[in-house]
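Trainee: I am new to this structure. Please take a close look at one part with me: the aromatic pairs.

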Amino acid sequence: MTNRSVTAGENTAVLSDWALAVAVLLFNWLQLAVIQIFLAGAPPGPGGPGPGDIVVVAPLFNTRVMAPTMLAFVLVAVACLPLVWRRRFPVSVVLISVVATSVYDLTRQPPILLMLAPLIALYTAGTFLERRRLVPLTVVAIAIALVTSLPGQPTGRVFAEAVRITALFAFAAAVGDATRNRRAYVAEVEQRALEAERSREENARRRVEEERLRIARELHDVTAHSLSIIAVQAGAATQVVESDPEGARQALEAIRATSKSALDELRAILGVMRGGEDEAPLAPAGSITRLGELTASVEQSGVSVDLKVGDVGDVPAYVEVSTYRIVQEALTNVVRHAGARLAVVAVDRSEDELTIVVTDDGVGASVSDAAGHGITGMRERVAALGGAFSAGPAPGGGFRVTATIPLAGRDK
């Protein structure tokens, strides 16, 4: 579609150039034809014509002019027809047109508006050439025109004629240069508008992708933790349902409580996504103060948790939620992959950052979760806040997750 549009535009430009060249040519030929008609009935000049002398007095012009010859028509064609190629070869067209017009003046042909051809050519050159090339070309054109036009002028008209020719050529070049600058400005504005539109689209896509990843992390954190606890409790209930009915009942009660909590969190997430006032969260947001509830649900799965929370004081809400989600995901990995009996959760605060460390005494198998979404989600969450994250086998055995979150947010 674009190529077709460009081709159509080029064809239109070629046709318009042909139309202009032919119009200027016919206009000047018509002038010559009119002069020839008027001179046909004009009386001879004072003293009578000599042999081969066709100089006459034309009442229309009140001056002595030569009747147009075939050379006049040829020179007009040479000056006008190159305008067809004025866009492709602007410099050559200017020089050819100026030289042809100058030869026309040198041969003392009848006065017509042939100056239109070089002026149009020079204007076109101004619309395509940079100023450093346009100025020398204009000076050369003016010089050629002055050299051929001034010698035959009366002394009193030399200065006026020089000013007229210089002003006409300079004006044509200046208008062309102004047109080129205007086109460049419009093109730059349009390009900036396109870039701004493209940037807005890219930013919109980026925001959608970030939001999609954020929602995916939240859903993963909620479902992975809850389903892991439910799976462990269901397995325990299956094993003791006959030998220890009370233990099975406690496991089922833990499943019920965990699933209810997960459903409440899912409703809260969906309510935020819907954005309606009637969809307010049904469960409190994750926070450092709720870490005790989180570790209690993990301990029901058979993993002891040693929770150590220092004096964290008041921290931003996003740090509270992120801390809860990171600890939740780390403990979920302990339950699902580590085969551990003990997990240690330490949360402490320095002057400008909060540090979270979760270790276990398992076999370090939770590193296999790197192939899934848990560790990736934690790393993305911490990176989004401008913090540092690491996860891997601990030196003394087991697995360690460390996250550092700056309290001032991401550095700009």
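The aromatic pairs

Mentor: Keep in mind that this is a predicted model. Start with one ring, Trp85. Its relative accessible area is 40%. Trp85 is therefore partly exposed, since that class lies between under 20% for buried and over 50% for exposed.

Where does Trp85 sit? It is in the loop between α2 (70–80) and α3 (90–106). Its partner, Trp18, belongs to helix α1 (residues 2–40). The two are 67 residues apart, so this pair links distant parts of the chain. Trp18 is partly exposed as well, at 42% relative accessibility.

Now the geometry. A pair of aromatic rings is described by the distance of the centres and the angle of the planes. For Trp18 and Trp85, the ring centres are 6.4 Å apart. Their planes meet at 65 degrees. Planes over 60 degrees apart count as edge-to-face, so that is the label for this pair.

How many aromatic pairs does a search of the whole structure find? Two. The other one joins Trp29 and Phe73. Here the ring centres are 6.3 Å apart, with the planes at 55 degrees. That angle is neither under 30 nor over 60, so the pair is tilted.

Follow this pair along the chain too. Trp29 lies in helix α1, and Phe73 lies in helix α2. The pair therefore ties together parts that are 44 residues apart in sequence. Trp29 has a relative accessible area of 30%, so Trp29 is partly exposed.

Definitions and conventions
Residues are numbered from 1 along each chain as its sequence is written. This is a predicted model: local features need pLDDT of at least 70, side-chain atom pairs count only at pLDDT 80 or more; totals for chains, interfaces and linings use all residues. Side-chain values use heavy atoms; hydrogens and water are left out. Rings of Phe, Tyr and Trp (its six-membered ring) pair if their centres lie within 6.5 Å; planes under 30 degrees apart count as stacked, over 60 as edge-to-face and the rest as tilted. Helices (H or I, at least four residues) and strands (E, at least two) are DSSP runs, numbered from the N terminus. Buried means under 20% relative accessible area, exposed over 50%, partly exposed in between (1.4 Å probe, protein chains only).
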